[in-house]
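Here is a quick tour for anyone meeting this protein for the first time. Have the 3D view open and follow along as we go.

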Amino acid sequence: MGNSFYKNRLIDKKIDMYLKTFGALYIEGPKWCGKTWTSRFHSKSEFLLADPRGNFNNKKIAELNPDLALQGDYPRLIDEWQEVPALWDAVRGKVDSSILKGQFILTGSATINKEKYIHSGTGRIARLKMRPMSLYEAEQSDGKISLEDICLNKAEDLFTGEVDLNKIIDLILIGGWPAVVNLSTKQGMLVAKEYIKSIINEDIYKVDDIKRDKHKIELLLKSLARNEATTVTNKTLKNDIKEIDFDDINVDTISDYLNLFNRLYIVENIPPFAFNIRSSLRLKQSEKRHFVDPSLPCALLNLTKEKMFDDLELLGFLFESLVERDLYSYSECFNAKLYHYQDYKNNEIDAVIELENGEWCGFEIKLGANQIDAAASNLVKINNQIIKEVGKPAKALCVICGLSNAAYKRQDGVYVVPITSLRP
């Protein structure tokens, strides 16, 4: 439908490609990340299930006759389709009966039980995941350095300018929600807190209509916030809650709640990296826990700029969360995948990007420039160990920094780049 006020998103090019390739496209992701706004930009008509007009008349119409919701110019947006699960099969059936591409765009902020619809839609309904805005999308990164160029080992040295720590903290606190782009830091922090309230008081129940203990949900969310960007187990989360919040949740309940958080797209853990080659190198298979945006753990822990200055270790983990949120979006632009690395010799790499051809690149994430030397040495050491064990060297090594004033390649071959100058 277009919009002169629309702010371009990294996912736009993929949406255009998918609409030319598939009969329908499903854009999934957390609420408030811009799915509806972006989908409307790419659509010519729309049907909004959450439209309150006429006492939610659209939802009633779709429940009575799903085919009525599909009538309109293509591409037609069906927003929050999971409110009426029968729409999935209606779209699949419509696409199945025609050779036309790009007929429908569906959006959803929660996954539902597959039993509520019949067919998977494989080959007919493609899927894309959307996330909160990266720094580059929010115009908080000048985009002087390409992540893809780093991964291909061809980035150039550039002076990027001084970076203010206060600004970095502000970016962590407010997050990448499109609604906060023109707001103050205090206003942005309020948005994140309201997001958490909405999750606890409304969205958890909407997923499967089961009432759960809101207090325990909040306790687990806070524990996840305290353990952001770590590989803690469910048992460790249980012990953390018992020790700090003086309450107890059994492990089965924790697993149930974590599944809900995944279905609501409020967490997006980073999978472990493993070489597809037989070797003696034993790798840990734990996921690195992450909220989908760093503003959420900040809201859960009631953090302020002053509190973050007083806890630099926590600030480091939250900076890592900010960077890895962006790495997810940037790497997908050139069809790469994001992982983390951890072996049983206590070697860790914060982020690993695997390219389409199977080559890999290692990234350490450090807030301060005084940490660059140690981070680069760690990358070189682990790369040499991997070469010895597996024989597959990194295509590129890089330290992503918060406070570096330049992007450059060190004598040891390790790149350094500030997050505020990175783009896909």
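What follows is a walk through a few local features.

## Before we start

Keep in mind that this is a predicted model. Every value below is computed from that model.

## Aromatic rings

Let's begin with the rings. There are 12 aromatic pairs in the count. One of them is formed by Trp81 and Trp88, which sit in a tilted arrangement, 4.9 Å centre to centre with 45° between the planes. Are these two tryptophans buried or exposed? Trp81 is buried, with 3% relative accessible area, and Trp88 is buried too, at 0%.

Another pair brings Phe275 and Trp360 together edge-to-face, with 5.8 Å between the centres and 80° between the planes. Phe275 lies in the loop between helix 10 (251-263) and helix 11 (295-300), while Trp360 belongs to strand 10 (residues 360-366), so this pair ties together parts that are 85 residues apart in sequence. Both Phe275 and Trp360 are buried. They also belong to one aromatic cluster, together with Phe273 and Tyr339.

## Salt bridges

Now for the charges that pair up. Searching the whole structure turns up 26 salt bridges. Take Arg212 and Asp256, whose side chains meet at 3.0 Å, N to O. Here the link is between distant parts of the chain: Arg212 is in the loop between helix 7 (185-208) and helix 8 (214-226), Asp256 is in helix 10, and the two are 44 residues apart. Arg212 counts as buried at 17% relative accessibility, whereas Asp256 is partly exposed at 30%.

Helix 8 has a salt bridge of its own, between Glu218 and Lys222, at 3.7 Å from N to O. What separates Glu218 and Lys222 along helix 8? They are four residues apart, which means about one helical turn lies between them. Glu218 is partly exposed at 32% relative accessibility, and Lys222 is partly exposed as well, with a relative accessible area of 25%.

Arg226 and Asp240 make one more salt bridge, with their closest N and O atoms 2.8 Å apart. That one connects helix 8, where Arg226 sits, to helix 9 (residues 234-244), where Asp240 sits, and the partners are 14 residues apart. Arg226 is partly exposed at 26%, but Asp240 is buried, with 13% relative accessible area. Elsewhere, salt bridges link Lys129, Arg131, Glu268 and Glu332 into a network.

## A negative patch on the surface

Some charges gather at the surface instead. Which residues form the negative surface patch? Glu306, Asp310, Asp311 and Glu313 do. Glu313 is part of helix 13 (residues 312-333). Its relative accessibility is 60%, so Glu313 counts as exposed, the cut-off being over 50%.

## Unusual backbone spots

A little background helps here. Most residues other than glycine have a negative phi, and most peptide bonds are trans.

With that in mind, look at Tyr74 and Pro75: a cis peptide bond joins them, with omega at about -5°. Pro75 lies in the loop between helix 3 (53-64) and strand 3 (76-79).

Next, try Glu80, which is not a glycine and yet has a positive phi of about 55°. Glu80 is in the loop between strand 3 and helix 4 (86-96), and it counts as buried at 13% relative accessibility. Tyr265 is another non-glycine residue with a positive phi, in this case about 60°. You can find Tyr265 in the loop between helix 10 and helix 11, where it is buried at 7% relative accessibility.

## Two distances across the model

To get a feel for the spacing, pick out Ala110 in the loop between strand 4 (104-108) and strand 5 (125-129). Ala110 is buried, with a relative accessibility of 11%. How many residues separate Ala110 and Lys305 in sequence? The answer is 195, and their C-alpha atoms are 32 Å apart in space.

For a second check, go to Asn384 in helix 14 (residues 372-389). Asn384 is partly exposed, at 44% relative accessible area. From Asn384 to Asn239 it is 37 Å, C-alpha to C-alpha, and the two are 145 residues apart in sequence.

Conventions
Residues are numbered from 1 along each chain as its sequence is written. This is a predicted model: local features need pLDDT of at least 70, side-chain atom pairs count only at pLDDT 80 or more; totals for chains, interfaces and linings use all residues. Side-chain values use heavy atoms; hydrogens and water are left out. Patches are made of residues with over 30% relative accessible area and no salt bridge: like charges are joined within 9 Å, nonpolar side chains (Val, Leu, Ile, Met, Phe, Trp, Tyr) within 5 Å. Accessible areas come from the Shrake-Rupley method with a 1.4 Å probe; for residues, only the protein chains shown count as cover. A salt bridge is a side-chain nitrogen of Lys or Arg within 4 Å of a carboxyl oxygen of Asp or Glu. Lys and Arg count as positive and Asp and Glu as negative; His and the chain ends are not counted. The place of a charge is taken as NZ of Lys, CZ of Arg, CG of Asp or CD of Glu. Buried means under 20% relative accessible area, exposed over 50%, partly exposed in between (1.4 Å probe, protein chains only). Rings of Phe, Tyr and Trp (its six-membered ring) pair if their centres lie within 6.5 Å; planes under 30 degrees apart count as stacked, over 60 as edge-to-face and the rest as tilted.
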